Amino acid sequence: MDALEAIRKRRSVRRFTDRPVSDEDLDEILRLALLAPTGGMQQAWSLLVVRDRERRVALADLIVKGGGMYFPVARPPAEGATPEAHAAWGRAYAADVLGTYARVPVWIVGLRVPRHAYPDAPTAPSGDWERDADVLSVGFMFENLMVAARAKGLGTVPTVFQWFVEDELRALLDLPPEIEAPLVTPLGYPEEFPTGLPPALAAIRRPWPTLVHDERWGAPRA
């Protein structure tokens, strides 16, 4: 599968089999991920690979737990639902949608590893110019990883559920205080690749020309 087809066919996979991923495929995907752009060649990143069964099941449990906390924030409650009922819905939804995560053979954690290369950098709108640049680089790295995985018939999904269980994630992976984990993905063979968006998401997806502005803001192609 060439790069253009892999980009077109990449989908967020949340249902996995337990089929193993070969060392050769995994290493090639990791190397390709680390060919992503990185400002000043700082490489303010690392990839933490979790394959030990006990540790990956524990990580999967944390991700499902975090998902149960994320979904009630990201989705509006049903009409008349109490906060407690909405929270319970989120936990049940995560357990259902992410129910195969315990059998994923590989987990990859994208880490930001500060290099402190720009001590005199200007302040960004967020307050930390260098951190913003580093996190962007982690995003570039993950995009490479996901496209390379798709080209090999493997599924991924960029995950931020770990933000909701950060202390537990740090303890599980022995992360020192200065290391961040902005992105996580399972890596494995999907039960099947999704072929389209769920109806609720398809209904809100914006046509691409509305997101492209020519020459100046306020001049979309649509």
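Which side chain of opposite charge is nearest to Arg150, and how far away is it? Before selecting anything, note that this is a predicted model, in which local features need pLDDT of at least 70 and side-chain atom pairs count only at pLDDT 80 or more, while totals for chains, interfaces and linings use all residues. Residues are numbered from 1 along each chain as its sequence is written, and side-chain values use heavy atoms, with hydrogens and water left out.

Select Arg150 in helix α5, residues 129-151 (helices are DSSP runs of H or I with at least four residues, numbered from the N terminus). The nearest side chain of opposite charge is Glu5, 6.8 Å away, and Arg150 is buried yet has no salt bridge. Buried means under 20% relative accessible area, exposed over 50% and partly exposed in between, with a 1.4 Å probe and protein chains only; a salt bridge needs a side-chain nitrogen of Lys or Arg within 4 Å of a carboxyl oxygen of Asp or Glu. Setting aside neighbours within four places in sequence, Arg150 is in contact with Met1, Ala6, Lys9, Arg10 and Phe193, contact meaning heavy atoms within 4.5 Å.

Next, select Arg19, in the loop between α1 (3-9) and α2 (23-33). Arg19 has 48% relative accessibility and therefore counts as partly exposed. Leaving out neighbours within four places in sequence, Arg19 is in contact with Pro105 and Tyr189; Arg19 and Tyr189 lie 170 residues apart in sequence, yet 6.4 Å apart in space, C-alpha to C-alpha.

Note on methods. Helices (H or I, at least four residues) and strands (E, at least two) are DSSP runs, numbered from the N terminus. Lys and Arg count as positive and Asp and Glu as negative; His and the chain ends are not counted.
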